[in-house]
There are 2 protein chains.
Amino acid sequence: MRPGDPQTIGSLGELGFLARLLPTLRGGRGVLVGPGDDTAVVVSPTRRLLVTTDALVEGVHFRRGWLRPVQIGRKAYLASASDIAAMGGRPRFCLASIGVAPDFPSRDLAALHRGLGAAARETGARLVGGNLTRARELLVSVTLIGESPPRPALRSGARPGDLLYVTGTLGEAALGLEMLRRNAGARGEPVRRFREPPKRLRAGALLARSGYASAMVDVSDGLLQDLGHLCRASGVGARIEACLLPASPSVRRAGLSLLLAGGEDYELLCAVPARRQERVERLERRLGCRLTLIGSCVPARHGVRVLDERGRSLGDGRAGFDHFAAARRP
Amino acid sequence: MRPGDPQTIGSLGELGFLARLLPTLRGGRGVLVGPGDDTAVVVSPTRRLLVTTDALVEGVHFRRGWLRPVQIGRKAYLASASDIAAMGGRPRFCLASIGVAPDFPSRDLAALHRGLGAAARETGARLVGGNLTRARELLVSVTLIGESPPRPALRSGARPGDLLYVTGTLGEAALGLEMLRRNAGARGEPVRRFREPPKRLRAGALLARSGYASAMVDVSDGLLQDLGHLCRASGVGARIEACLLPASPSVRRAGLSLLLAGGEDYELLCAVPARRQERVERLERRLGCRLTLIGSCVPARHGVRVLDERGRSLGDGRAGFDHFAAARRP
């Protein structure tokens, strides 16, 4: 706590904090009643909705000192927005359920809300409600309600022969996490990527539109794990060429496991019917990020395989982030 | 852990648990894509939505042993549904964000989901999504998306002269909490009420309809605190007659503070224009619960007062439950 600002959320109290916070949150398109009543009342542009929830927990997803409060708020929001992007939708309304220890500074909690609200506005959404409760560790759970496109991109539409593309770059956030583990003061692009997931909403919407993508998933728990979800849902296998995976030189030097199983990339992985290859690749300049061909779907019996430059298989493709795997504790 | 079921959520893992849970959750009216994709895809009956989120935390709202896992799931859901009831709406879609320690038995986590899903179905809603993360204590955060009535009942519509009514009975859950604090094996109606919030959705919908209620709020943090919210939002004061407050003999014996500031009643408090008194009282038999006149709204300058049988004021009306007040730790 800094001098001149001795207030913790415990001393200010839930109601005292909300009395300060709520006036900063009012308004926004489609918001008839914002935070402060029993529920928010909103008008959705469509009746077809995308709904998702995700959480960021201190000691599981980050350690104190790795993220400033405003960055915690931004990251919690953007991680949820990534799920909306993977369906090709637009986030519209956001609710934040926050658990916080009584000694948490109320100004930090205000900063967390500011970060969350700002990231929401940048992507066309509004923070319309929430809940604040005491907890032993900081926990930020974000629920997003989004507008569905006419044909949301599911995980289940890929067919053998479809090409596999990934947006942006892989492994950068996982490298940033490793750097922070070694040194909480670490800096640079990987740390920046760990702190702030990319916004792939425009890319997701364009890829879902007109059925460019036969299936899509966001890469949040490591490429192989999320590819596995797509393959299981679609009933296909996959062949990935390791040398094609988009990564910075520093990530490539740090090793293939970061690229394949790193987690927190928040990029999009999509399957595209081969006949649409040319059209989808022409789309790249409008996506706001790279779109890289990394492999293709194969019949399910061939499983998921990652091949090196000589076509040799690099293991069985099972890996990724599990919150309950103790080894991954930050 | 019981013999024959050695699996904790830590050993089963997030994905292993979800692989068992998801097949039990599919389907339901308006659910195009249930849990298991990046987001759920749902079709809302209306574009006007009510959205709310609430959380139940071990060590804050309950101690282990006070609630069985299935009861934790039910209570987490019903507490959120109470907010929808207070607007006169209908819950439709539910998301559950759960934080749990790795040593939590996976069968208990399945029971928690069963309780949550069953309570949702009983009130016309479906569990369509969620998130599971590691945490130091059990935390269940429930987000509900509901259908708004044409005129949702806000906290802000009460006028001086309006009558104040409350559904059901007050103080029972708070007495149950006191009993459990003294003896974790306590039984009886108060304990039952602590474990399972009442469903006031039908009452809320009827009271909101045709503007019977000029303002409404759910009583979850103690009557005085929630009455205070209604009064501040409406710009009125209130006069409550202590002898009119609906309570069982055992709650009345335990003292007025349980009735006024107990918390977790999950009843509805509503203001009704005096000219509608007869009509609203005729409504009672259709509400599924008692509806009791407890006082009236007065000009704001008179504040919120509770009067005893001789018309003497019983304090200044500021009390209630704050999650951060250490004295309320269970």
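**Exercise 1. State how many helices and strands chain A has, and compare its radius of gyration with the globule rule.**

Solution. Chain A has 10 helices and 12 strands, where helices (H or I, at least four residues) and strands (E, at least two) are DSSP runs, numbered from the N terminus. This is a predicted model, in which local features need pLDDT of at least 70, side-chain atom pairs count only at pLDDT 80 or more, and totals for chains, interfaces and linings use all residues. Residues are numbered from 1 along each chain as its sequence is written, chains are lettered from A and ligands numbered from 1 in the order in which they are written, and side-chain values use heavy atoms, with hydrogens and water left out.

The radius of gyration is taken over C-alpha atoms, and the globule rule is 2.2 Å times the number of residues to the power 0.38. For 330 residues a compact globule would have a value near 20 Å; the 21 Å of chain A agrees with this. The C-alpha trace spans about 65 × 45 × 30 Å along its principal axes.

**Exercise 2. Determine which share of chain A is buried and which share of its contacts joins residues at least 24 apart.**

Solution. Buried means under 20% relative accessible area, exposed over 50%, and partly exposed in between (1.4 Å probe, protein chains only). Of the 330 residues in chain A, 63% are buried. A contact means heavy atoms within 4.5 Å. Among contacts between residues at least 6 apart in sequence, 83% join residues at least 24 apart.

**Exercise 3. Count the disulfides and examine the surroundings of Cys243(A) and Cys297(A).**

Solution. A disulfide is a pair of cysteine sulfur atoms within 2.5 Å. By this rule, the count over all chains is 0. Cys243(A) is in no disulfide, and its nearest cysteine sulfur, that of Cys297(A), lies 18 Å away. Cys243(A) is partly exposed, at 39% relative accessible area. For Cys297(A), the closest cysteine sulfur belongs to Cys231(A); the separation of 5.8 Å is too far for a bond. Cys297(A) is buried, with a relative accessible area of 3%.

**Exercise 4. Place Ile294(A) in its strand and describe its surroundings.**

Solution. Ile294(A) belongs to strand S11, residues 291-299 of chain A. With 0% relative accessibility, Ile294(A) counts as buried. Leaving out residues up to four places away in sequence, Ile294(A) touches several residues, including Leu164(A), Val166(A), Leu223(A), Ile240(A) and Leu269(A). Arg239(A) and Glu241(A) are also among them. The C-alpha atoms of Ile294(A) and Ala242(A) are separated by 7.7 Å, although these residues stand 52 residues apart along the chain.
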